[in-house]
Amino acid sequence: PVLYLLDGPNVFENHPGIPAEWRADETAQQLITSGAMAPAIIVAVPHAGPGRNSEYMPFDVIESIPARGEEHAAWMLREVMPRVERAFRVSTSRDHTGIGGASLGGVMAVYLAAKHPDEFGIVLAESIAGRVAESPEWSSMLESATRWPERAYIGVGGKETGDDASRNAAYVAANRAVHDRYRDAGKVGPDRLLLIVQENAGHNEEAWAERLPQALTFLFPPPMTGSGK
C-alpha cells in the first residue's frame, strides 16, 4: 500500500520556516513495528512553495488565487505516481493507493479522489479548508461524484481559527459535510469511514501529527490473523 501526502516539506522533517512536522515517518514506523498498522510506503509530495495555494486550489473561489488544482492533479498522475511505481514496490490498485493532506492539501486530497476515483481508493483529509469547502463549486463536485473511497479518514479541530466561535463551527460543519456525503451517497459505513473532531485542536501541524496514529491505523489496518485452531 502507498499513501501520497501533500505538503511534503511538513511530512517528515521540521524545516526552517515551518513551525512543526507531521512526524509521519516516526509514527508509521512505530505503528508498523508494533503491529497496529499494515506495512505501507508514505510518499511526501513537495508543493510549489510560493505557488502552493494556487496548485492546491481546484476552483476559482478565492480572489487573487488562480485555480491550478487540475494541473496539479495531472502532474500527480502523469509524473509523480509513475516515478514512485518505477522506484518502489508499491501497489497500483486503487484499494491500496491513498491520497492525503491538510488544509488546502486536504481539499486537494478529496478533489483527487473524487475526480480520479480509479486511482485513489483511500483518503486522509485533515482540516479541509473552510472557504473552499463552503463554496457551491465544492458541493457540486461532491454531488457529481459517482465512486467513493474504500476507506476515508477526516479530522478537524474545534478551534481551527482560534477563538472565532462561528468560524470554528463552520470549519467543523464543512468537514462533517464531506463525511456525511461519503456516508450517505457512497453508502460507506463506520468500518470504512472515520471522522475525528478534536475539540481544542487548532489548524496546525501539531494537531495533524497528534491525530495521525488514528488515521494510519484506520486506513491501513493490519491483516487479520487466524487463531491456528
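**Exercise 1.** How much accessible surface does the protein have, and what share of it belongs to carbon and sulfur atoms?

*Solution.* Keep in mind that we're working with a predicted model. Start with the total: the accessible surface comes to about 10,800 Å². Then split it by atom type: carbon and sulfur atoms account for 51% of that area.

**Exercise 2.** Work out the fold pattern of the protein and check its compactness against the globule rule.

*Solution.* Begin by counting elements: the protein has eight helices and six strands. Next, walk along the sequence, and you get β-α-β-α-α-β-α-β-α-α-β-α-β-α. Now for compactness: the radius of gyration is 17 Å, close to the 17 Å that the globule rule gives for 229 residues, so the protein is as compact as a globular protein of that length. For the outline, take the principal axes: the C-alpha atoms fill a box of roughly 60 × 40 × 35 Å.

**Exercise 3.** Find what share of the residues is buried, and what share of the contacts joins residues at least 24 apart.

*Solution.* Of the 229 residues, 50% are buried. For the contacts, keep just the pairs at least 6 apart in sequence; 72% of these join residues at least 24 apart.

**Exercise 4.** Is N10 buried or exposed, and which residues does it touch?

*Solution.* First, place the residue: N10 sits in the loop between β1 (2-5) and α1 (24-34). Second, apply the cut-off: buried means under 20% relative accessible area, and N10 has 9% relative accessibility, so it counts as buried. Third, list its partners: leaving out residues up to four places away in sequence, N10 touches I18, E21, W22 and E205.

Technical notes
Residues are numbered from 1 along each chain as its sequence is written. This is a predicted model: local features need pLDDT of at least 70, side-chain atom pairs count only at pLDDT 80 or more; totals for chains, interfaces and linings use all residues. Side-chain values use heavy atoms; hydrogens and water are left out. Helices (H or I, at least four residues) and strands (E, at least two) are DSSP runs, numbered from the N terminus. Buried means under 20% relative accessible area, exposed over 50%, partly exposed in between (1.4 Å probe, protein chains only). Contact means heavy atoms within 4.5 Å. The radius of gyration is taken over C-alpha atoms; the globule rule is 2.2 Å times the number of residues to the power 0.38. Accessible areas come from the Shrake-Rupley method with a 1.4 Å probe; for residues, only the protein chains shown count as cover.
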